[in-house]
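Colleague: I would like to take a close look at a single part of this model and have it explained slowly, in connected steps. Could you take me through it with a first-year student in mind?

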Amino acid sequence: MDTEDTSGALPLGPLSRRRFLQATATATALAGVGTPAVAAASGTTTLSFTAATGGSATLDPSGDRLVAEVQNVLWSVPRQGGTAVPLTSPGLEPTRPQFSPDGSRLVVCAYRGGGFHLWTLRPDGSALKQLTDGPWDDRSPAWSPDGTRIAFASERGGDTVTGAPYRIWVVDVRTGGLTRLTGRPGQQGSGQNARWEDFDPAWSPDGERVLFVRAGVTATGTLRATTIASVAADGSGPVATERTDDSGAQLMTPAVSPAGRLAYLRTTASPAASCTLVVDGEAVAVQGDVLPAPPRWTDGERLLLTVDGHFRLVDPDAPGDGEEIPFIAALPVDRPRYRGKTYDFEATGTRPVRALHLPALSPDGRSVAFAALNALWTTGTTGGRKPGKVLQVPATRYVLAPVWTPDGTGLVYADDRDGLFAVRRRDLGSGEETVLAEGGRVFPALSPDGTRLACLDMSGNLVVRDLPDGTERVLAAPLGAGGMPGRPSWSPDGRYVALCDRNRLNQRFREGYNLIRVVDTTTGSAALHALAPHTSLSDRYDSGPVWSPDGRSMAVVVESALWLLPVRADGTPDGEPRRLTSEPADHPSWSADARTLLYLSAGRLRLLDVGSGRTRTVRVPLDHRRPRPADTVVHAGRFWDGTGTQVREDIDVVVRDGRITEVSPHRAGRPAARQVDASDRTVIPGLWDAHTHPWQTTYGGRQTVLQLAYGITTAVSLGGFAYEQARIREAVAAGELAGPRLLATGELLDGPRVAYSMGRAHRTREGLHRTLARAEALDWDFVKTYVRAPGWVMKEAADFGHERLGVRSGSHLCTPGVQLGQDLTTHLQATQRLEFGHATSATGRAFQDVREIYTSAGFHLVATPFTALALLGADPALADDPRVTALMPPWDTALVREQAGQPPTAAQLATLGREMDVYRGILAGGGLIALGTDQPLVPVGLHLHLALRALHRAGLSPAEALRTATLLPARVFGADADLGTLQEGKLEKWLEVSRRMRREGCCDL
């Protein structure tokens, strides 16, 4: 297994920006925070595969043997079919194998170590050799006819800041020499009057030219891949157009036969998703679901395809049934065994507050303002006295991001008491408040002279408001999607505003780097700066840049440590960055004299003297107490306990000290402080939403209130900002925020490149250890890795979650996730690091290998059926529900109304049906599915009910559908001893189902 950090480690010394990536690996190891001293126990389970979802294959030129990639492993299969022999370990992560023309070697693209590169090996799996390396991705290898060169698509020649579009390159396998074929200076070719990407090369039979897909970038930033082009194999001359496809589909994976016939695949997106084989410009009627794997020409001008999860030889002139090469592959996987976490769902007594959210140091360095328990507080930096409460907001509202006025006499903050966030200034002496900006404004920052306000609007635009005259202008839009940019910070002269934003390296894949963006408020021009090549700031929340008041430097968080970057007056880097901490760091802020930095380190407030490097802890004695639940009797007209199909009538549920002590026929007069008359209702267990993202920065108090309003009593966060989630969990437990109990996690643990603002970038093991130290201090309930996290990050994160926290770990990737000890995937199919993943075909089908993973390995699935949104149009009255009209933010209300006015199409219902078929198959095979939504990407609360409808519509009984949002998620996350059913001894969390909900279908018990 590839579980090693391959970034290297160098001794500490003078640090150059060029060598930053290696030097950060030398941070002092954190005491007690490294790799778990004792690995989790494991048991070996053997998975048996007879199909390949997302797999690709190549046939030996002699025709004797097939080599195929099935679920992250290369396998050798006899030509006539039979037992597959593994050639590689899962840690290589190989894809798109191809035999050399003489059959002596294979080439693959592999992700080992955290980047895509070309590797060769012998057909027996020996002599594995890496051909390309470096920070840029190399993909889609193709042998030349004489076997001396390999063409590939690469980001080489790109730039960390300006981007790295894909171009076609060739490597000489004899010398390792690299030649760029497309995008050369002065080269002519179609589509070069705008941005474009070149990928998926293939050779002409004579080896003189290389064909490839050329995709133009539209005005909206999407790719339009409609052209097969070619270029001379030495890169000379212009790029020629070989074929243009006007079907409206996207082209991929061209292949040229020895006779010169051109084949390629073309795909269309959901809801009319398809993958079609095209040969010589004509669609070929292949029987079955063609998977988006490269077609390979073989003997007799037949094509090797992946169809319905099987490898099939097809004559394009008479496709018929073709010839399948069956296989059976046995994959042993070590599955973790560990002691699960004991959740703190009902503990009483006083608890210290863990989450001091977005702390800010006062100008004189003597006080700190922060948010906790849904209130604003201030505390001194010495003396350890109890903080003073500045403001408590109602339990249905949210307060965010306090900063000090330049004179230190007041605070500026954002809250949503009027619906959308507004920025307010509060005088600490008198308590008087002034509204500075309304209509959805967050992360306020006053200019040094106090006359202008910089903040972000709900779309992530950087807005600057002139306070004396009230004028406002959008200074800069975010560079891309995936969440808001970071908090703005002013230059001392008030001319520039700096913030963290993410570029996008190319349009084939959405990731990029978290960069420093400096905007000139006088001209509107902007500049982007990287701390070092191929380096991201840790996240786009509050990892800096924070401009020092003397203007000489910016504080940033990189690899979860605090760094200082010297800058010029305009924010341009002016020297090498200096690491200030070896301990974890978050949320830095300055004193006015630029001598002191405040930051959070694994739940502690820390003050650092920048000159001497000395640090000390600011003690904050702040506690909270969970309210004692009132003894309750619930009289249920109908009652379903979540365990079977029986619905009982006229039942009392007796609750003492928060736990169910009796479930029995109704008897009048039972004593209890609280009596709930649900005699005209059905009572069922409270619902889980097993995939949420706390997004209070835009939703404020609405998100948790909406969850409760739709009957969600337990929410699982699968990614967000660590301190904010810990804050929400504490505020809900203390009764200060209305919402469901929250299983919290932290950021999405990723590689150096990221997509979402909540992604946490890592290149070094030390950086990952610092991030995981935060996880332990904040008591995460889940550990999630993301799309670009290499195998060693996935493995270490899973081991840490199991051994140190006792919690589940997961990602988007069923493989290598199941092979690296993770517990689940957080979707069936979502963003992958491959062109297409291993979970579904282009049309949304999954085959035997996927079912095997989810039913035979103790590996679970969090289902997020986005396709269920179409069902809104089948019941337009849902848009008139007061939860939609009164509780949802205006953008979600508009979305619901728009969708409700569009009856679902046949294509949408067919797509939905295919997804539901996958879930039904996994459940029928004994797998566990926890239902989630990925809110707020979909309407909060409402979408869970649409997903339940979809499951019922697909054939699950009401009880079976409801268990995916009650008992099964409790089992998946190890909380079924307390939650998931309404049985004696369980915690009280129940949902009254009204007659309307029964009419809606999913709850018609």
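How many residues are in the hairpin connection that joins S20 to S21?

Modeller: The structure is a predicted model, and the hairpin that joins S20 to S21 does so through five residues. To see what this connection belongs to, it helps to begin with S20 itself, the strand of residues 262-268, which is mostly covered, since six of its seven residues are buried. On one side of the account stands strand S21, residues 274-279, which pairs with S20 in the antiparallel sense over six bridges. One of these pairings can be followed by eye, for arginine 266 has threonine 276 in S21 as its bridge partner.

S20 also has a partner that comes before it in the chain, namely strand S19, residues 250-256, and the two run antiparallel and are joined by five bridges. Here methionine 252 can be matched with leucine 265, its bridge partner in S20. S19 and S20 likewise form a hairpin, with five residues between them, and in that turn glycine 260 has a positive phi of about 90°. As a general point, the strands of a sheet pair through backbone hydrogen bonds, and they may do so in a parallel or an antiparallel way.

If you follow the chain on from S21, you come to aspartate 280, which lies in the loop between S21 and strand S22 (282-284). Its phi is near 55°, which is a positive value in a residue other than glycine. Because its relative accessibility is 35%, aspartate 280 counts as partly exposed. A useful companion to this residue is alanine 594, which lies in the loop between strand S49 (586-590) and strand S50 (596-601). Alanine 594 is again a residue other than glycine with a positive phi, in this case near 65°. At 10% relative accessibility, however, alanine 594 counts as buried.

Another set of strands can be read in a similar manner. An open sheet of four strands has the order S33-S34-S35-S36, and its pairing is antiparallel. Its edge strands are S33 (399-404) and S36 (433-437), each of which pairs on one side only. Averaged over this sheet, and with direction ignored, neighbouring strands are turned by 25° against each other. Within the sheet, strand S34 (residues 410-415) and strand S35 (residues 422-427) run antiparallel and are joined by six bridges, and valine 412 stands opposite arginine 425 in S35.

For contrast with the strands, we may turn to a pair of helices. Helix H11 (residues 906-924) and helix H12 (residues 942-953) pack at an angle of about 80°, with their axes 9 Å apart. The two helices are therefore roughly perpendicular to each other. In the contact, Leu909, Leu912, Met916 and Tyr919 of H11 meet Ala950, Leu951 and Arg953 of H12. By kind, the residues of this contact divide into six nonpolar, no polar and one charged.

The length of H11 can be checked with a short piece of reasoning: at 1.5 Å a residue, its 19 residues should span 27 Å, and the end C-alpha atoms are 26 Å apart, which agrees. The buried residues of H11 include Leu912, Met916 and Tyr919, and the buried residues of this helix pack against helix H8 (848-856), strand S66 (860-863), strand S67 (929-931) and H12. Just after H11, glycine 926 takes a positive phi of about 90°. Farther along, in the loop between S67 and H12, is the place of proline 936, and a cis peptide bond with omega of about 10° joins glutamine 935 to this proline.

H8, one of the elements that the buried residues of H11 pack against, has buried residues of its own, among them Val850, Ile853 and Tyr854. Just after H8, glycine 858 takes a positive phi of about 65°.

A last example shows how residues far apart in sequence can be brought into one picture. Proline 816 is found in helix H7 (residues 814-817), and at 2% relative accessibility it counts as buried. The C-alpha atoms of proline 816 and glutamine 71 are separated by 7.7 Å, although these residues are 745 residues apart along the chain. Leaving aside neighbours within four places in sequence, proline 816 is in contact with Asn72, Glu93, Met794 and Arg833.

How values were computed
Residues are numbered from 1 along each chain as its sequence is written. This is a predicted model: local features need pLDDT of at least 70, side-chain atom pairs count only at pLDDT 80 or more; totals for chains, interfaces and linings use all residues. Side-chain values use heavy atoms; hydrogens and water are left out. Axes are lines fitted to C-alpha atoms, for helices over the stretch in contact, and angles run from 0 to 180 degrees between N-to-C directions. Angles under 35 degrees count as roughly parallel, over 145 as roughly antiparallel, 65 to 115 as roughly perpendicular and the rest as oblique. Contact means heavy atoms within 4.5 Å. Ala, Val, Leu, Ile, Met, Phe, Trp, Tyr, Cys and Pro count as nonpolar, Asp, Glu, Lys and Arg as charged, and the others, Gly among them, as polar. The expected span of a helix is 1.5 Å times one less than its number of residues. Buried means under 20% relative accessible area, exposed over 50%, partly exposed in between (1.4 Å probe, protein chains only). Two strands pair if DSSP finds at least two bridges between them.
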